[in-house]
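This briefing covers strand pairing and one loop residue. The sequence and structure come first, followed by notes grouped by topic.

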Amino acid sequence: MAEEVKKTEKTTGKRVLQGVVVSDKMQDTVVVAVTRYEKHPKYKKYLKSVKKYHAHDKGTNFAEGDKVEIREAKPISKLKRFEVITKK
């Protein structure tokens, strides 16, 4: 029975990222900064890179400084391609 449940569950295949809300000034939108550590191919040094994503926040539930998870979604507007899932 447990094997059947695993077969029927489908993974969404959408990226889930963790970051910090850096702006909540727009209506139903937050800007989330996601930090990554990447290893330089030649020098083997780890570099910190930060990328900002616009995410859909229905109801404006999150404020600046909140740690959140965002998930890839269908395009909502020109810049929004993610939606906020949960607060960490």
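**An aspartate in a loop, and the strands around it**

In this predicted model, a polar atom of the Asp28 side chain lies 3.3 Å from the backbone nitrogen of Gly59. Asp28 itself sits in the loop that links β1 (16-23) to β2 (29-39). The strands on either side of that loop belong to a closed barrel of five strands, ordered β1-β2-β3-β5-β4, with mixed pairing. From one strand to the next, the twist averages 50°.

**Surroundings of Asp28**
- Leaving aside residues up to four places away in sequence, Asp28 touches Ala55, His56, Asp57, Lys58, Gly59, Thr60 and Lys80.
- Gly59 is thus named twice: as a residue that Asp28 touches, and as the one whose backbone nitrogen lies 3.3 Å from a polar atom of the Asp28 side chain.
- Ala55, another residue touched by Asp28, has Phe82 in β5 as its bridge partner.

**Antiparallel pairs**
- β2 and β3 (residues 46-56) run antiparallel and are joined by 11 bridges.
- Within this pair, Glu38 has Leu47 in β3 as its bridge partner.
- The two strands form a hairpin with six residues between them, and Lys44 in the turn has a positive phi of about 60°.
- β1 and β4 (residues 67-72) also run antiparallel, with five bridges between them.
- In β4, Glu69 stands opposite Gln18.

**Parallel pair**
- β3 and β5 (residues 82-87) run parallel and are joined by two bridges.

**General background**
- Strands of a sheet pair through backbone hydrogen bonds, in either a parallel or an antiparallel arrangement.

Notes: Residues numbered from 1 in each chain as written. Predicted model: local features only at pLDDT ≥ 70, side-chain atom pairs only at ≥ 80, totals over all residues. Heavy atoms only, no water. Helix = DSSP H or I, 4+ residues; strand = E, 2+ residues; numbered from the N terminus. Polar contact = N/O pair within 3.5 Å; in protein donor to acceptor, adjacent residues only side chain to side chain. Contact = heavy atoms within 4.5 Å. Pairing = 2+ DSSP bridges. Axes fitted to C-alpha atoms, helices over the stretch in contact; angles between N-to-C directions.
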